[in-house]
Every structure is written in C-alpha cells, then in structure tokens.
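Open the model in your viewer and keep the selection box handy. Each stop below gives a selection and then what to look for.

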Amino acid sequence: MVKVYFDSDVKIDAIKDKTIAVIGYGSQGRAQAMNMRDSGLRVIIGLRPEGHSWERAKRDGFEVYTVSEAVKMGDIIFMLVPDMVQPAIYKEHVEPNLSEGRVLDFAHGFNIHFGLIKTPRNVDVIMVAPKAPGPRLRETFLSGFGVPALIAVYQDYSGRAKETALAIAKALGCTRAGVIETTFKDETESDLIGEQTVLVGGLIELIKKGFEVLVECGYPPELAYFEACNEAKLIMDLIYERGISGMLMAVSETARYGGLTVGPKVIDEHVKENMRRAAMRVRSGEFAKEWVDEYKLGGEKLKRLMREIEEHPLEKVGSFIRRMSGLEKSQQA
Ligand code: NAD
Ligand code: MG
C-alpha cells in the first residue's frame, strides 16, 4: 500500500511566511489561490494585463501583477495556465525572473515530464495535483473537507521540496481527504492514459456507440439517449459511492446477470489491446509530440472533431432532453 498523508502528518510551517504567486486564474488558479488565502497565506496573482481573468481576480480581492512581476515577488510559483501555453509563458516571463531557491509548483506533470519546460538547477520543482476540477476543490474546502491530491518532487534543491509540497497540499485542504506521493512520470502518464482510455475517450465512445446501436435497432433517439447516456450517471454515482459490487447489488437481478455475462463480450480483449496501444503511445511520448504539433498548427483537427461531436444525433437529442428536464440551465463550465 502507498503511504497516504493526512492533516495530522503535515505542518504548514514550511510555507507560512512565503509569498505564493499563482500564475493563471482559471479552473485551478482561482480555486487554489482562494484556498491558500483562506489558509492564512499571502497569495498574489500573475496574469496577462489584457486577459479576462485580471478583473475577476481583482474583484475576488487579490493583488494582481503581470506574470513577470509576480514571479519576481513570489517565493513559490504556481504554474496554473493551460499546459499548452505554459512553455511559452515560462520562457518569456518565468525563467528570466526566477532566482535561486524559488519553488516552481505544477498541477500536472506534462511539460516537465516531456521536457517542454527545462528548469534551472537551483530551484525546487514540485507538483501538487488536486484530483478534481477547480470548482470542486473550492467547494469541498468551503464545506470543511477537501479533495485528494498527488504530490511529487522532480528537483529538490533546497532539501525541503517534499515538505513544501505537503504543506501546499495541506493549505489547499487536500490532506483532509488524503495525499499520495508519486512521480512526475507516473502522474503524467497515468493521467493521460486514464483520460484517453476510460474517462474522456473511452466513455464518449461507449456512450456514442451504445446510442447508435439502439437507434439502428429502431428505438426512438430519446429513449436511446436515456438508456445509453442519462442512466450512465446514475450507475456511475452508485459505483462511486458503493463500488462495482455495491452497484450490482442496487440494480435488478436481470441487469446484474446480463451485465456480468455480456459486458466482457462487448468490451473484450481486443478493446484491452487497443487500450494497451494507447498506453504505449503515451509512454513513448508519441502522443505528447502529436498534441504539441497539432496545437502549434492552430488546433484545426481538434476544432473539426469538436464540430463532428456537436453534430452527432446524441448531442442533438441530449440537448433537447436536458433543456426539457431543466438540467441544461444548471450546467457549469
Ligand atoms: P484553465 O484553462 O482553466 O485556466 C487557465 C488560465 O490561464 C486562464 O484563466 C488565464 O488566466 C490564463 N491563461 C490562459 N491562456 C493564457 C495565455 N496565453 N497567457 C497567459 N495566461 C493565460 O486551466 P486549468 O484547467 O486550471 O489548468 C491549469 C493547470 O492545472 C494545468 O496544468 C492542468 O493540467 C492542471 N489541472 C487542471 C485540472 C482541471 O480539472 N481543470 C485538474 C488538475 C490539474
Ligand atoms: Mg487528466
């Protein structure tokens, strides 16, 4: 079993007199900045002066500076701009202002692990990756709990890098839920493999193909939507709360028997073989290279794929049903 760190294992002292410069004020930036501030730390924000986030951070009561200024003022620099823009921002604004003994903190290992950001020897490079989107990190903190997080040390110049990472995780509220130590390599690769094979890629295709088969069999798309998509959330909620066995005990006996006997024939060894191939492409760096090249060329392929999904009948009927049932209004980014 891996070691899990909780509140009582960690002291915040390592960072209590430090200035935290949060670069980027999006999903993670806003939530992390607010949680750190509520934990009694001095937090400043570094942004592009022309960006939308500037006013928002000011309205939330933060001191806001340009990225270069914030990096000069900060002892600990949180890199919370999107992964694909980090290398350019790092080169232009962070690297020239980074002095000895500073700490660079990431929420995902992508740029460090794939060598797209190369840091000097005389700083600490750490990761504190909350395992939830920013709004959830904030919401659970406000309710007195937290979300789990991974921490990792890539470079330990000060000899105290791990202590710093744990203290940050505590200030974010994550040690209330449990913090696990990992490496930049494991966090990055497992995150990409998981999102491609299961969470984002796998789920979309499972739902989409399941919907298509129901419609091809002649059932109305509305009914197919309920069966292949809407109910997936109900089943996932049960798995999340009770595990797979708990979910199986909550569905009918017929669903239990049908699911256990037919499931492995649908998602068969050959799907697992495809998953292994996806994992290999992540581990070899081939996927990262493809994505960085695509992004540099303007992201046309991604835009085309997004348009294709938006036009899929599942999305058309889904939007209708969500509006009908009042769900679409309450959707958040
Ligand atoms: P985001 O897209 O929500 O926010 C990015 C912010 O960066 C923007 O609000 C803006 O303030 C700034 N920004 C955007 N483009 C910029 C540019 N060209 N120049 C300067 N500033 C710019 O990003 P995010 O999802 O919070 O991701 C930040 C980091 O957190 C990434 O490393 C990501 O992998 C990691 N992470 C995200 C999540 C998540 O659920 N969103 C979870 C864990 C880790
Ligand atoms: Mg991910």
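A residue counts as buried when its relative accessible area is under 20%. Keep that cut-off in mind throughout, and remember that this is a predicted model.

**Stop 1: asparagine 35.** Select asparagine 35 in helix α1, which spans residues 27-38. Is asparagine 35 buried or exposed? Its relative accessibility is 0%, so asparagine 35 counts as buried. Now show its surroundings. Leaving aside residues up to four places away in sequence, asparagine 35 touches Leu137, Arg138, Phe141, Ala171 and Leu172. Two of these names return later: Ala171 and Phe141.

**Stop 2: helix α7.** Follow Ala171 into helix α7, residues 161-171. How many of the 11 residues of α7 are buried? Eight are, so the helix is largely enclosed by the rest of the structure. To see them, select Ala161, Thr164, Ala165, Leu166, Ala167, Ile168, Ala169 and Ala171. Then step past the helix to glycine 173, which follows α7. Check its backbone: phi is positive there, near 95°.

**Stop 3: aromatic pairs.** Show the aromatic side chains next. The structure holds six aromatic pairs. Start with phenylalanine 110 and phenylalanine 114: their ring centres are 5.0 Å apart and their planes stand at 65°, so this pair is edge-to-face. Phenylalanine 110 has 3% relative accessibility and therefore counts as buried.

Move to tyrosine 154 and phenylalanine 184. Here the ring centres are 5.5 Å apart and the planes meet at 55°, so the pair is tilted. This pair links distant parts of the chain, with the two positions 30 residues apart. Tyrosine 154 lies in strand β8 (residues 149-155), and phenylalanine 184 lies in helix α8 (residues 184-199). Colour both by accessibility. Tyrosine 154, at 46%, counts as partly exposed, whereas phenylalanine 184, at 4%, is buried. Add Phe106 to the selection: Phe106, Tyr154 and Phe184 form one aromatic cluster.

**Stop 4: arginines over rings.** Select arginine 37 together with phenylalanine 62. Arginine 37 lies over the face of phenylalanine 62, 3.9 Å from the ring centre. For the last view, select arginine 176 and phenylalanine 141. The charged end of arginine 176 sits over the ring of phenylalanine 141, at 4.8 Å from its centre. That ring belongs to a residue from the opening stop, since asparagine 35 touches Phe141.

Definitions and conventions
Residues numbered from 1 in each chain as written. Chains lettered and ligands numbered in written order. Predicted model: local features only at pLDDT ≥ 70, side-chain atom pairs only at ≥ 80, totals over all residues. Heavy atoms only, no water. Helix = DSSP H or I, 4+ residues; strand = E, 2+ residues; numbered from the N terminus. Buried < 20%, exposed > 50% of the residue type's maximum accessible area, 1.4 Å probe, protein only. Contact = heavy atoms within 4.5 Å. Phe/Tyr/Trp six-rings, centres within 6.5 Å; stacked < 30°, edge-to-face > 60°. Lys NZ or Arg CZ within 6 Å of the ring centre and 35° of its normal.
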